[in-house]
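Hi,

Here is the structure I promised to pass on. Have a look at it first, and then read my notes below.

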Amino acid sequence: MDQSLEKTDFIRDTIKKDYREGKFKKLHTRFPPEPNGYLHIGHAKAICLNFELAAEFGGQCNLRFDDTNPSKEESAYVNSIKKDIHWLGFSWGNREYYASDYFQKLYDFALDLIHKSKAYVCDLDADQIRQYRGTLTQPGQDSPYRKRSVEENLQLFENMRQGKYPDGAKVLRAKIDMASPNLNMRDPVMYRIMHQSHHRTGKQWCIYPTYDWAHGQSDSIEKITHSICTLEFEDHRPLYDWFLDQLDIHHPRQIEFARLNLTHMVTSKRMLKTLVEQNYVHGWDDPRMPTLSGMRRRGYPPQAIRNFCQAIGVAKSESTIEIEYLEHFVRQELNRKASRVMGVLDPLKVVIENYPQGESEQLDAVNNPEDPSAGKRKVPFSRVLYIERGDFMEDPPKKFYRLAPGREVRLRYAYFIKCIGVEKDSRGNITSLRCTYDPATKGGDAPDRRKVKATLHWVSAPHAVNADIRIYDTLFSRQGPGQDEDFMDSLNPQSLTVNNRCQLEPSLAAAKPGQIFQFERVGYFYVDDDSSDQRLVLNRTATLKDQWARIKKRKNSTKS
RNA sequence: UGGGGAGUAGUCUAGUGGCAGGACAUGCGGCUCUGGACCGUAGGGCGGAGGUUCGAAUCCUCCCUCCCCAGCCA
């Protein structure tokens, strides 16, 4: 690989170093989601990292569900997670694992620690354990049960497993150091009693391992070489290492990186759950959600998300990426792939007065100028058309070079038209435009080489189809929702508006759910599953970049 | 205040003692039958103070700011 193009970051550096030092032969990573919610864009960063690392170094990446807490986990989440990872374009072969697959092995490992006098059964309740733990600045105290004999611990632990105690009565703890400055080392809990049915093991167990006890050992069982996780687990690394060392089993290296944050978004599972459960959005796959299923339904191509994840890189400093950066990759991908069509969101009627009444014709339109193989299609033209209301101004300011009285513009793939009159209602609102067309400009070129400043999209009124277009904006109006206020307070009341006035070219009548189009000069639109033969429903994926909108915005802000 | 991390343009990120580079965003220009795309161009940065060195984003010292940890969550 070209040295200058080779990706580099601290994780890859570490892996290369480990490889040079012969610490492993084949890289093995894993993506370990807990099946207690839907995957979001933050997970995508971890998924891409783990799977791409494996691919780059000729290794493998496992999918492992971290299902150690039956009170929160459901198989419905398992399915959505698998679907989303596949959608992103990654596969884990037959290496679909569950921490719950290892419950027996973990139990045996625990026995081993008890035998080594490195773990004990503790009768303190949750409150008492907290008190004994000490504080950030004060050391903890040994549990009164810390000195139990190996035999007693073995018996008690067996009893725990047999279901002889109620929830919370006892726990199994590692025997490390109650005075450690790292709170995670102050005799952390390994097992808790939960008489709770598990989505995979059913009623087989009533004691469940904690994250700290399950994670490293699961990594080890799967012969993971590099266990990549987020920064908040940095404090846990000494414990991760301690368990593996005491057990003297395969020892992966844990590496921590900074999680992904995006402006105008939240990714905390608690907050996302609240949004769904209190119906602020229409489900986990609402196109405003930062979930992968939401983005899929919004029309974001998976490749755009992967490109984005590559571009943002991986580091240890906490960062918040502007949502515009993600949108850039969405547009980049869609620009190459999406078929162009014409659709008018805010219609203004135009009558071509010199075009024969009752007639129409079919004009050639290019489907995708970025992709000649996409071919051409026909669009009907007639005497009565719709153009975008915003494409006309009666009294245009300097930098506005679209249609205005007396002005000539081109209708894309059609003709030059000139505005010769404006019709208004009694309140002075413009109801329609009177125009003439130049038959010699058919197709969009003038034989006399004269130029026009603007090209407008349009739709023939008698041929137009209608639809519901869901116009999405960011779910939150603040850049960092929930940072200085309750996150619900910065919900954007404008995050969804439905437009049913639109007029679209007739080819859209055949659009099928899952298809995505560029409405020329407007944006990208994805055909939603809610569409039926009776009613087309489109989600606006993203707008096109719009120079005029920016000029307008700047003018308004300098005025005020 | 114990421990663990992090500070490079508006936002990400590269750099590992030798010209601070790239992407997004922004401005300007070009091109164009999408004010899209594309091409070109400009502005703007090493948290601070000392020190070592011919030379410091990089090494040393001190300081400042931010994040994480006191779940039987992950």
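I'll start with a strand pair: β4 and β5 (residues 171–174) run antiparallel to each other, joined over 4 bridges. Within that pairing, C122 sits opposite V171 of β5. Before I go further, keep in mind that this is a predicted model.

The two strands belong to an open sheet of 4 strands, ordered β4-β5-β6-β7, with antiparallel pairing. Its edges are β4 (119–122) and β7 (207–209), each of which has a pairing partner on one side only. From one strand to the next, the twist averages 20°. Helix α4 (residues 103–115) lies across β4, β5, β6 and β7, and its direction is at about 120° to that of β6.

Now to the RNA. Which residues come nearest to RNA strand B? They are E318, R340, R402, R410 and G443, out of 67 residues around the strand. Sorted by class, the surface near RNA strand B is made up of 27 charged, 22 nonpolar and 18 polar residues. On the RNA side, sugar or phosphate accounts for 65% of the strand B atoms within 4 Å of the protein, and bases account for the rest.

A few side chains are worth pulling up on screen, each for a different part of the RNA that an N or O atom of the side chain approaches:

- R340, one of the nearest residues, has a side-chain N or O atom 2.5 Å from a base oxygen of RNA strand B.
- N69 has one 3.3 Å from a sugar or linking oxygen of RNA strand B.
- R550 has one 3.3 Å from a phosphate oxygen of RNA strand B.

As for secondary structure, α5 (126–133), β6 (189–193), β11 (319–321), α12 (323–337) and α13 (547–559) each give at least two residues to the surface near RNA strand B. Helix α13 has the largest share, with 5 residues. Note that β6 turns up twice here: it is a strand of the open sheet and it also supplies residues to the surface near the RNA.

One last residue: is T541, in strand β28 (residues 537–543), buried or exposed? Its relative accessible area is 0%, so T541 counts as buried. Setting aside neighbours within four places in sequence, T541 is in contact with R298, G299, Y300, V330, L334, I516, Y524, F525 and Y526.

Shout if you'd like to go through any of this together.

Cheers

Conventions. Residues numbered from 1 in each chain as written. Chains lettered and ligands numbered in written order. Predicted model: local features only at pLDDT ≥ 70, side-chain atom pairs only at ≥ 80, totals over all residues. Heavy atoms only, no water. Near = heavy atom within 4 Å. Polar contact = N/O pair within 3.5 Å; in protein donor to acceptor, adjacent residues only side chain to side chain. Nonpolar A, V, L, I, M, F, W, Y, C, P; charged D, E, K, R; others polar. Pairing = 2+ DSSP bridges. Axes fitted to C-alpha atoms, helices over the stretch in contact; angles between N-to-C directions. Contact = heavy atoms within 4.5 Å. Buried < 20%, exposed > 50% of the residue type's maximum accessible area, 1.4 Å probe, protein only.
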